[in-house]
Amino acid sequence: MIRSLDNDTLLGLWERMARIRAFETRVGEIAAAKEVAGYLHTYSGQEAVACGVIPLLRDDDWFTSTYRNHGHAIARDIPLDEIAGEIYGKVTGVCGGKGGSMHVADQSRGMIGGMGIVAGGLPIATGAALASKYLGRDSVAVAFFGDGAVHQGAWHEALEFASLFQCPVVFVCENNLYAETTAVDYHLLAGSVSAMTGPYQIPSVQIDGMDVFAVRAATAAAFERARTGNGPSLIEAMTYRYGGQYEGDTQTYKPPTEVAYWRGQDPLLRFRSDTATRLGMATLDAIEQSVQVEVDAAFTAAEAAPWPDISEVTTDVYTPIA
Amino acid sequence: MTEMNIAQAVNAGLATALEDERVVLIGEDVGTTGGVFRVSDGLLARFGPERVIDTPVAESGIVGAAFGMAINGLKPIVEIQFMGFTYPGFDQIISHVARIRNRSRHRFTAPMVIRIPYGAGIGAAEHHSESAEVIYAHTPGLKVVVPSTPYDAKGLLLAAVEDPDPVVFLEPIRMYRAIREDVPDEPYTVPIGVAELVEEGDDVTLIGYGAMMKEIGAAFELLTASGVSVEVIDVRSLVPLDTETIIESIRKTGRAVVVQEAPRTAGFGAEIVAQIQEHALFSLEAPVERVTGWDTIVPLRRAEKHYMPSTEDIVQAAHRTLLS
Ligand SMILES: Cc1ncc(C[n+]2csc(CCOP(=O)(O)OP(=O)(O)O)c2C)c(N)n1
Ligand SMILES: [Mg+2]
């Protein structure tokens, strides 16, 4: 895989992963400093999934995300100012400060949005894919979801629709071993999410979700299948969230040995060791520094940005009357 | 007596209820974690995993399974993490739990409690902040109660567990740790269907429930200080509604302010206003005022305060009734 990618592509992947890490680290800090109220769900540890999948999306593709959506938004190149602004609830936010951290959405980039409801995005992505098929387009839709989503009826209904109507949809599970505080050992009876698609006749793979190249390869195959009219597929990326379910979660349920193991699998470390000889450590370091500067600027701008006018509390519920 | 807050009072009520072996507590993270708001802290250790059941993220499954348990002799207490997460389970609630008694002519009943933290105030935005109580109140077959004090929290919970019908038990998130009071250590119930006359007065009646009782209490202080004689009613039980207490009060004061945090249109306050006009129209000295949230989705933190009815809104509404 790596050999087939040119240097620009590799650097693009690195830049996005580094950007997500720097951004989410800052989100953790503002949460700890109580600068933003409400629940903030960070993506650190899972960067390889967003960056393995999303850069392969075309402009006319769609995807749904979850409340843990900052990484997806960043991988889709939504400007950091707009994401940080949204988290703060400022006018500069991508949704003008209405959606907040859990509901980053950007129609112009095919991001249907974060969904606060577990499994909420799967039927929606399936429908977007069905519309593409109906309209005769070869665009695809992706639904990102966590391991916990398989327990919702909506998950099963979406898979059934996708298969029955052969929708060009790719279901991407980010199996990070926990649904809130509940471990997959307890809640995931099938042992894996990929094992659950058989009865729906949807092809699935379980892959190393800490390896951006493995994610990219699986995604390329799934997109190819979808774009050529061969229906849905599911990718289960095994990954780990470094933060809590939300910032402030004490994470007492995570065994230290497990944390150490997954830290050892860090997607940024893995990328470095896979590419350092070709790209050079200095180049990678320089990118890390430049994205840090971007992140600092984005948060400074978000802090300084104006709040939406309070009168906007009642706007945007229905079509504006001309 | 032990001094405690609402979260502790619900915890104490759950512990008392669980003494009955037919009672089980079921929900996401209710066991190991003690629930999102730590309301069920310590109960897993005390009663074991067969009685305090951690479930997958499956509200439809949770409610439906609890209903099946209720049919088969148990008395389940469900916890849904936030009101916005009841919606995936709403089908089971509205299509089955609420209707079984009617459709089976009492051959089956659903003696279960559905506990739902609700309401805004912690800046956690939509799904985590809504007040959709009227959806439940509008569903025949469900009883709906909303405590606003630690004493009522424990007493209403135990009444809900005893009740032969399904009871939606709403817990005002913002109030969980806002007030403390003495709560009896022994079991007791607060009857469902009885409002509480919190303050007696002659000029105007303030009517509300849940987290709004805090704002109403503050408005009472301000109005009293300015010489208005204020009566305060904590509805506590939306269904069945204690219309009598409300009507009796209106016959005396002739003026009312009905307060709800929920959006205005078709909110539960509208039902209270309708009851007043049906039963006490000729006692009214002024149009009944409604103080409510806006017809919108609960906004992010900064605007949340603006969304929520304030003490000032209530005071002004009371003054408007006094103009007539
Ligand atoms: C329908 C619904 N129920 C409960 C919740 C509360 N909740 C938020 S995240 C979460 C766990 C989801 O775990 P998983 O799907 O594995 O995603 P992860 O958070 O690990 O990314 C739960 C239960 C919710 N958002 N939606
Ligand atoms: Mg998970």
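The expected span of a helix is taken here as 1.5 Å times one less than its number of residues. With that yardstick in hand, helix α8 of chain A is a good place to start in this predicted model. The helix runs over residues 212-227, which makes 16 residues. From its first C-alpha to its last, α8(A) reaches 22 Å, close to the 22 Å expected.

Much can be said about the surroundings of this helix. The buried residues of α8(A) are A:V212, A:F213, A:A214, A:V215, A:R216, A:A218, A:T219, A:A222, A:F223 and A:A226. An α-helix has 3.6 residues a turn, so residues three or four places apart point the same way. The cover over the buried residues of α8(A) comes from helices and strands of chain A, including the helices α1 (7-32), α2 (47-53) and α10 (267-279). The strands β4 (169-175), β7 (204-208) and β8 (233-238) of chain A also take part in this cover. Just after α8(A) comes A:G229, whose phi is positive, at about 80°.

Turning to the partner chain, the domain assignment divides chain B into domain 1 (2-183) and domain 2 (196-323). Their centres, taken over C-alpha atoms, are separated by 26 Å. The contact involves 26 residues of domain 1 of chain B and 24 residues of domain 2 of chain B. On the domain 1 side, the elements of chain B that give two or more residues are α6 (133-137), β6 (143-145), α7 (150-162) and β7 (167-172). Sorted by class, this side of domain 1 of chain B has 14 nonpolar, 6 polar and 6 charged residues.

The two chains also meet each other, with 25 residues of chain A in contact with 27 residues of chain B. The chain A side of this interface holds 11 nonpolar and 13 polar residues, along with 1 charged residue.

Ligand 1 lies between chains A and B. A shell of 21 residues surrounds ligand 1, and the closest are A:V118, A:G146, A:G148 and A:A179 together with B:F85. By class, the shell around ligand 1 comprises 8 nonpolar, 7 polar and 6 charged residues.

A word on confidence rounds off the picture. Where pLDDT is low, the predicted coordinates should not be read in detail. For chain B, the mean pLDDT is 97, and 100% of its residues reach 70 or more. The model as a whole scores ipTM 0.92 and pTM 0.95.

Note on methods
Residues are numbered from 1 along each chain as its sequence is written. Chains are lettered from A and ligands numbered from 1 in the order in which they are written. This is a predicted model: local features need pLDDT of at least 70, side-chain atom pairs count only at pLDDT 80 or more; totals for chains, interfaces and linings use all residues. Two residues are in contact if their C-beta atoms, placed from the backbone, lie within 7 Å. Ala, Val, Leu, Ile, Met, Phe, Trp, Tyr, Cys and Pro count as nonpolar, Asp, Glu, Lys and Arg as charged, and the others, Gly among them, as polar. A residue is near a molecule or strand if its C-beta atom, placed from the backbone, lies within 6 Å of it. Domain bounds come from an automatic or database domain assignment. Helices (H or I, at least four residues) and strands (E, at least two) are DSSP runs, numbered from the N terminus. A residue is buried if 20 or more other C-beta atoms lie within 10 Å of its own, exposed if 12 or fewer, and partly exposed in between; C-beta atoms are placed from the backbone. pLDDT is the predictor's confidence in each residue, from 0 to 100.
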